[in-house]
Amino acid sequence: MSEMKPSSSFTLTDNRSGQTYDLPLLDGTVGPSVVDIRKFYADTGCFTYDPGFTSTASCESKITYIDGDVGILRYRGYEIADLAEHSDFMEVCYLLLYGELPNVAQKDKFVHDITYHTMVHEQMHKFIEGFRRDSHPMAVMVGVVGALSAFYHDSLDISNPHHRMVASFRMIAKMPTIAAWAYKYSIGQPFIYPRNDLSFAEDFLHMMYATPCEPYVPSPVLARAMDRILTLHADHEQNASTSTVRIAGSSGANPFACIAAGIACLWGPAHGGANEAVLDMLEQIGTKDKIPEFLKRAKDKDDPFRLMGFGHRVYKNYDPRAKVMQKTCHEVLDELGKRDEPLLELAMELERIALEDPYFVQKKLYPNVDFYSGIIFRAMGIPTSMFTVLFAVARTVGWVAQWNEMVEDPSQKIGRPRQLYVGDDARKYVPLKARA
Ligand code: SDX
């Protein structure tokens with residue numbers, strides 16, 4: 001990354017000593033400037049304090065820009081709504097990895113290269129078969145993706161750009177295969193191999209739903225919906241799982257292990273696990289007349305219940321992905337003849353009431369990307385336990401793009417935060433006999 005020139009500075013005074021410090025102010029292309037505190041501890045002897053990193057920029061990046069107040073999401077400067085409408089997931093993968101939309105020849109070669117990496121080592125069957133059939137598929141994903149580093153020794157030199165790109169292609173290409181196989185294993189059906197004549201989304205549906213007994217032709221509407229959902233979930237700035245991948249990668253760990261760490265983080269219900277939690281919540285609410293009771297619980301600080309699919313660390317406006325997801329939801333339900341899906345009716349009523357509720361208005365809690373995705377997946381016949389797996393399949397390209405950016409950044413160093421220590425000060429060891 002370029003060594004940025006300060007545009008101005010913040011002056012800070014330590015009121016204990018009267019000492020003042022000038023902290024450089026660095027401007028990005030767009031969005032909040034940053035106060036450069038890289039020398040803060042050396043100069044002041046103090047750490048800054050920001051649990052949850054609500055006011056902390058961890059890196060420079062050129063990949064994704066979010067304006068949470070306005071509800072903007074752009075991949076390499078392109079609005080998510082435009083990409084969802086006019087582009088496709090393979091083109092978005094190229095854009096996230098290389099920074100530009102591909103021309104025809106570049107796109108054809110990229111799609112070919114990804115397509116010809118979709119198979120996984122035959123030994124992977126044995127890995128998956130080592131799990132219980134009722135294992136959560138996210139547990140399988142964490143385990144099997146981490147194990148990929150045991151298979152691909154020829155692309156683990158992260159200082160070698162070719163190795164990094166081969167590992168990146170392998171990750172993007174193999175995630176649908178591993179995900180579909182985790183699903184097939186859980187329902188006792190045979191693994192379906194990828195087909196090179198299908199698009200990325202078509203092939204994923206094919207590996208999920210085909211059986212050896214008859215030909216399977218993916219619905220063009222469902223394949224388009226899946227492709228769009230993959231695009232919407234592809235990257236999202238420095239979210240928890242991406243930050244996990246970056247900090248794992250900052251130690252020089254191999255890319256497959258870093259992605260496995262990202263999958264593990266994504267699994268949490270506050271993050272990528274929310275789509276699964278939304279469905280569980282809607283089923284728990286059951287009927288429209290129960291909505292007020294659950295909204296009351298969501299507002300009760302003593303009740304751990306939260307309105308899943310609502311709220312976001314960055315978006316204090318409508319998540320732009322949620323709008324596209326809502327539109328896609330209606331298209332899929334129309335295609336499947338499930339327009340009157342009770343869960344959709346319930347979700348729309350919940351959204352309507354919540355958006356008028358003073359608590360949610362005051363705290364700027366809007367539906368996020370996870371609010372509608374679960375309803376679409378359910379309508380497509382995808383089991384709830386696979387919802388976050390689909391999120392991981394989509395987000396892999398974002399993780400590898402951010403990982404590459406981190407490795408290529410000459411200023412990058414191992415991520416190692418400090419702390420505010422509030423434990424015991426020095427004390428003498430007391431022998432066991434002398435303890436009460
Ligand atoms: C994703 O970071 C990303 O970009 C993530 C993601 C991506 O693409 O990578 O966008 C994907 O993870 C989307 C978010 C999915 N999670 C959920 O839908 C789970 C429900 N949402 C909440 O858990 C919460 O909104 C978070 C975790 C998403 C955000 O939490 P923050 O930013 O830490 O905010 P907070 O918890 O401090 O909430 C601020 C206030 C609190 O009240 P006060 O303490 O100020 O009184 O809002 C309340 C919270 O109690 N609040 C909610 C709420 N979310 C926040 N109250 C009820 N229901 C909710 N959903």
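The questions below deal with strand β5 and the ligand site of a predicted model.

Local features need pLDDT of at least 70, side-chain atom pairs count only at pLDDT 80 or more, and totals for chains, interfaces and linings use all residues. Residues are numbered from 1 along each chain as its sequence is written, and side-chain values use heavy atoms, with hydrogens and water left out.

User: Are the residues on the two faces of strand β5 buried or exposed?
Analyst: Strands are DSSP runs of E, at least two residues, numbered from the N terminus. In a regular strand the side chains alternate between the two faces of the sheet. In β5 (residues 72–75), I72 and R74 lie on one side and L73 and Y75 on the other, and all are buried (under 20% relative accessible area, 1.4 Å probe, protein chains only).

User: Which residue in β5 stands opposite Y65?
Analyst: Two strands pair if DSSP finds at least two bridges between them. Strand β4 (residues 64–67) pairs with β5 in the antiparallel sense over 4 bridges. The residue opposite Y65 is R74.

User: Which residue in the turn between β5 and β6 has a positive phi?
Analyst: β5 and strand β6 (residues 78–79) run antiparallel and are joined by 2 bridges. Their hairpin has 2 residues between the strands, and the one with a positive phi of about 50° is R76.

User: What share of the ligand's exposed area does the protein bury?
Analyst: An N or O atom in the side chain of R395 is 2.8 Å from an oxygen atom of the ligand. Taken alone, the ligand exposes 1,100 Å² (Shrake-Rupley method, 1.4 Å probe), and the share buried by the protein is 75%.

How values were computed. Buried < 20%, exposed > 50% of the residue type's maximum accessible area, 1.4 Å probe, protein only. Polar contact = N/O pair within 3.5 Å; in protein donor to acceptor, adjacent residues only side chain to side chain.
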